[in-house]
Amino acid sequence: MQPALRTPAAPFRGNGACCKREKKHQSRPISELSNHDLDAIARALNVWPLMPSGTLGFAKAEVTLGGVSTAVLSSKTMETKGSSHLYFIGEVVDVTGWLGGYNFQWAWSSGWVAGQFA
């Protein structure tokens, strides 16, 4: 059974909100959607405004420490120097940033770089 856009396999509540515009997509398996349908859904998600409703405060703020040493990774590809086709990104790598989105930026940027070479 292929996952549909709004099923227990894809529980993100935003899936349903995205599909409300075109109800025909709500329970169809993803494999049955045309490229045109998928492009329309992608466009809708890309312009969907997300507004945080708040935070849990400083007591719940987290940053991890430790992980795969940057010394064993290529800074250009995020690939391990000792094993080809093995990449580490984001919080798995021993990189720590200040609170305020720096760690998210590192995760997204390192993931993008690895994706270019994987």
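**Exercise 1. An aromatic pair in a helix**

F104 and W108 both lie in helix α3, four residues apart, which is about one turn of the helix. Work out how the rings of F104 and W108 are arranged towards each other, and whether each residue is buried or exposed.

*Solution.* The model is a predicted one, and the steps below are read from it.

Step 1. A pair of aromatic rings is described by the distance of the centres and the angle of the planes. The count for this model comes to one aromatic pair. In that pair, the ring centres of F104 and W108 are 5.6 Å apart and the planes meet at 15 degrees, so the pair is stacked, given that planes under 30 degrees apart count as stacked.

Step 2. Residues with over 50% relative accessible area count as exposed. F104 has a relative accessible area of 55% and is therefore exposed, and W108, at 59%, counts as exposed as well.

**Exercise 2. A serine in helix α3**

Find where S110 lies, decide whether S110 is buried or exposed, and name what the side chain of S110 reaches.

*Solution.* Step 1. S110 belongs to helix α3, which covers residues 102-117.

Step 2. The relative accessibility of S110 is 1%, so S110 counts as buried, the limit for that word being under 20%.

Step 3. The side chain of S110 reaches back to two backbone oxygens: that of W106 at 2.8 Å, and that of A107 at 3.3 Å.

Step 4. Once neighbours within four places in sequence are left aside, the residues in contact with S110 are M78, I89 and G90.

**Exercise 3. A methionine and the core**

Starting from M78, describe its place in the chain, its backbone angle phi, its contacts and the nonpolar core to which it belongs.

*Solution.* Step 1. M78 sits in the loop between α2 and α3. Its phi is near 70 degrees, a positive value in a residue other than glycine.

Step 2. With a relative accessibility of 5%, M78 counts as buried.

Step 3. Setting aside neighbours within four places in sequence, M78 touches L73, L86, Y87, F88, I89, V93, W106, S110, V113 and A114. The contact with S110 is the one already met in Exercise 2, where M78 was listed from the side of S110.

Step 4. In soluble globular proteins, nonpolar side chains tend to be buried together. Here the largest nonpolar core has six residues, namely V68, L73, M78, Y87, V93 and A114.

**Exercise 4. Two further residues of the loop**

For T80 and H85, which are both found in the loop between α2 and α3, decide which is buried and which is exposed.

*Solution.* Step 1. T80 has a relative accessible area of 11% and is therefore buried. Beyond its neighbours within four places in sequence, T80 is in contact with V72, L73, L86 and F88.

Step 2. H85, by contrast, counts as exposed, because its relative accessibility is 65%. H85 also has a positive phi, of about 65 degrees, although it is not a glycine.

Step 3. The C-alpha atoms of H85 and A118 are separated by 6.6 Å, while these residues are 33 residues apart along the chain.

**Exercise 5. The chain as a whole**

Summarise the secondary structure of the chain, its burial and surface, and say where the predictor's confidence is lowest and where it is highest.

*Solution.* Step 1. The chain has three helices and zero strands, which gives the pattern α-α-α when read along the sequence.

Step 2. Of the 118 residues, 21% are buried. The chain exposes about 9200 Å², and carbon and sulfur atoms supply 60% of that area.

Step 3. Among contacts between residues at least 6 apart in sequence, 48% join residues at least 24 apart.

Step 4. The mean pLDDT of the chain is 78, and 73% of the residues reach 70 or more. Confidence is lowest in helix α1 (residues 13-19), where the mean is 56, and highest in α3, where it is 92. Over residues 6-11 the pLDDT is below 50, and this stretch has six contacts in the model beyond near neighbours in sequence.

Definitions and conventions:
Residues numbered from 1 in each chain as written. Predicted model: local features only at pLDDT ≥ 70, side-chain atom pairs only at ≥ 80, totals over all residues. Heavy atoms only, no water. Helix = DSSP H or I, 4+ residues; strand = E, 2+ residues; numbered from the N terminus. Buried < 20%, exposed > 50% of the residue type's maximum accessible area, 1.4 Å probe, protein only. Polar contact = N/O pair within 3.5 Å; in protein donor to acceptor, adjacent residues only side chain to side chain. Contact = heavy atoms within 4.5 Å. pLDDT = per-residue confidence, 0-100. Core = buried A, V, L, I, M, F, W, Y, C linked by side-chain atoms within 4.5 Å. Areas by Shrake-Rupley, 256 points an atom, 1.4 Å probe, with all protein chains shown as cover. Phe/Tyr/Trp six-rings, centres within 6.5 Å; stacked < 30°, edge-to-face > 60°.
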